[in-house]
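I opened the model to go through its sheets, helices and charged pairs. My notes follow in the order in which I looked things up.

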Amino acid sequence: MTPMAFSAIPLPMSRPRWKRALVTGGAGFLGSHLCERLIDAGIEVDCVDDLSSGSAGNVRHLAGRPGFRFLRQDVSAPGRPDTLPGPYDLVLHFAGPASPADCLDCRLAALDAAGPGTRNALAVAERDGARFLLGSACHVYGDPAAHPLREDCWGHVDPVGPRSAHDEGKRFAEALTTAGATAHGTDAGIVRVFDTYGPRMRTDGRQALPTFIRQALAGAPVTIEGDGSQTRSLAYVDDIVEGVLRVAASRAVRPVNIGGDDEATVEEIARRVIHLTGSPSRLVYRPARAHDPARRRPDTTFAREVYGWSPRIPWEEGFKRTIAHFAERVAPGARDEEWL
């Protein structure tokens with residue numbers, strides 16, 4: 001199935017059709033795909049991003065589309081709801097760094113996106129009576145003994161460790177979202193997104209897969225942190241977007257896991273990349289990151305049984321699309337020009 005055919009699948013609607021949506025972090029990897037899918041469905045989109053971790057190039061192709069508006073703003077700034085007049089039917093809050101690795105140099109900004117940013121996005125949804133969906137992450141679980149991870153797992157997270165700004169930030173954002181639903185009756189939900197990959201991932205990102213692809217395309221050693229036995233469950237971005245929007249179209253309050261079935265070791269993922277790129281790269285092992293989870297796979301029973309969702313893009317097809325995107329982005333002379 002081609003990306004165009006997949007994105008043309010109608011959005012599932014259990015309430016009156018959305019007319020206008022706000023997407024925070026909309027110029028990020030996942031946020032930009034959400035914006036594109038909503039625009040394709042005929043929904044007006046206000047894309048808010050301060051470009052601290054996102055890229056205007058991710059949404060440049062949407063600039064001329066009817067109903068799309070890019071707003072370079074920090075959603076965590078005081079008084080931000082007043083600059084977002086709406087009215088909106090849907091608020092998707094996906095602002096902030098995508099992973100603990102990407103968060104290392106911007107920990108306070110990540111906490112701002114999780115704290116004040118979530119409060120501001122909730123305030124907009126409460127003002128307009130909109131459906132609010134928090135884009136949380138698998139990192140709220142930390143490294144617990146449970147496997148696969150069910151939504152009722154409380155997790156095992158170090159609140160002062162090197163990953164704390166991202167992990168605890170997401171946990172606090174979930175607490176704020178739950179409090180808003182309880183105290184104010186906000187139509188709010190939470191989606192816990194697991195490892196996602198695809199076109200528009202940052203080519204300079206610190207996550208494992210983009211690092212492997214970048215190194216393999218350059219013919220450089222592919223570096224694995226630890227012994228490579230730790231596992232991850234990957235899902236292609238189109239599948240994740242479909243899952244996120246199915247949860248958004250419901251009135252569910254409880255967190256919902258959205259992630260892939262393809263559990264593979266980090267070493268196996270690196271070897272897949274080397275094989276598909278035809279690279280002469282060899283594997284090199286580095287010291288493991290502190291508190292790096294040994295296994296990470298979601299239990300997606302709830303998403304499957306309630307929303308009829310499951311991943312559809314096989315890893316080989318998804319990897320080929322992602323590698324092609326990286327090859328174009330890192331080619332000599334390629335630029336990611338800003339559009340404002």
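Which residues does R192 touch, leaving out those up to four places away in sequence? I note first that this is a predicted model. With those neighbours left out, I found R192 in contact with S136, A137, V140, Y141, E151, E174, P255, V256, N257 and I258. I located R192 itself in strand β6. Its relative accessibility is 8%, so I put R192 down as buried, the limit being under 20%. One polar contact I wrote down separately: a polar side-chain atom of R192 is 3.2 Å from the backbone oxygen of E151.

Entry on the seven-stranded sheet.
I traced the sheet that holds β6 and read the strand order as β3-β2-β1-β4-β5-β6-β10. The sheet is open and its pairing is parallel. At the edges I have β3 (68-71) and β10 (255-258), each with pairing on one side only. I took the average turn between neighbouring strands, ignoring direction, as 20°. For β1 (residues 20-24) and β2 (residues 44-48), I list five bridges in a parallel arrangement. V23 has C47 of β2 as its bridge partner.

I then looked at what packs on this sheet. Helix α4 (residues 116-128) touches β1, β4 (90-93), β5 (131-137) and β6 (188-193), and its direction makes about 170° with that of β4. Helix α7 (residues 237-248) lies across β4, β5, β6 and β10, at about 140° to β5.

Entry on β5.
Is β5 enclosed or open to the outside? I found seven of its seven residues buried, so I describe β5 as largely enclosed by the rest of the structure. R131, L133, G135 and A137 point one way from the strand, while F132, L134 and S136 point the other way. On one side, β5 pairs with β4 in the parallel sense over four bridges, and I see H93 opposite L134. The pairing of β5 with β6 is also parallel and has six bridges; here F132 stands opposite A188. I followed the chain from β5 through helix α5 (residues 164-184) to β6 and recorded a right-handed β-α-β unit.

Entry on the three-stranded sheet.
I found an open sheet of three strands in the order β7-β9-β11, with mixed pairing. Its edge strands are β7 (196-197) and β11 (262-265). I count four bridges between β9 (residues 231-236) and β11, which pair in the antiparallel sense. T231 has T265 in β11 as its bridge partner.

Entry on salt bridges.
The total I have for the structure is 27 salt bridges. I looked up R37 with E242, where the closest N and O atoms are 2.8 Å apart. Why does this pair tie together parts that are apart in sequence? R37 lies in helix α2 (residues 29-40) and E242 in helix α7, so the pair ties together parts 205 residues apart. I marked both R37 and E242 as buried.

Next I took R69 with D46, which have their closest N and O atoms 2.7 Å apart. R69 is in strand β3 and D46 in strand β2, with their positions 23 residues apart in sequence. The two ends are enclosed to unlike degrees in my notes: R69, at 35% relative accessibility, is partly exposed, whereas D46, at 2%, is buried.

The third pair I checked is D167 with R163, with the closest N and O atoms 3.5 Å apart. D167 is buried at 3% relative accessible area, and R163 is buried at 13%. I also noted a network in which salt bridges with shared partners join R20, D46 and R69.

Entry on S76.
Where is S76 found? I placed S76 in the loop between β3 and β4. At 12% relative accessibility, S76 counts as buried. I recorded a polar contact of 2.7 Å between the side chains of S76 and D74. Setting aside residues up to four places away in sequence, S76 touches D112, A113, P116, G117 and N120.

Conventions:
Residues numbered from 1 in each chain as written. Predicted model: local features only at pLDDT ≥ 70, side-chain atom pairs only at ≥ 80, totals over all residues. Heavy atoms only, no water. Pairing = 2+ DSSP bridges. Helix = DSSP H or I, 4+ residues; strand = E, 2+ residues; numbered from the N terminus. Axes fitted to C-alpha atoms, helices over the stretch in contact; angles between N-to-C directions. Contact = heavy atoms within 4.5 Å. Salt bridge = Lys/Arg side-chain N within 4 Å of Asp/Glu carboxyl O. Buried < 20%, exposed > 50% of the residue type's maximum accessible area, 1.4 Å probe, protein only. Polar contact = N/O pair within 3.5 Å; in protein donor to acceptor, adjacent residues only side chain to side chain. Right-handed = clockwise from strand over helix to strand, strands pointing away.
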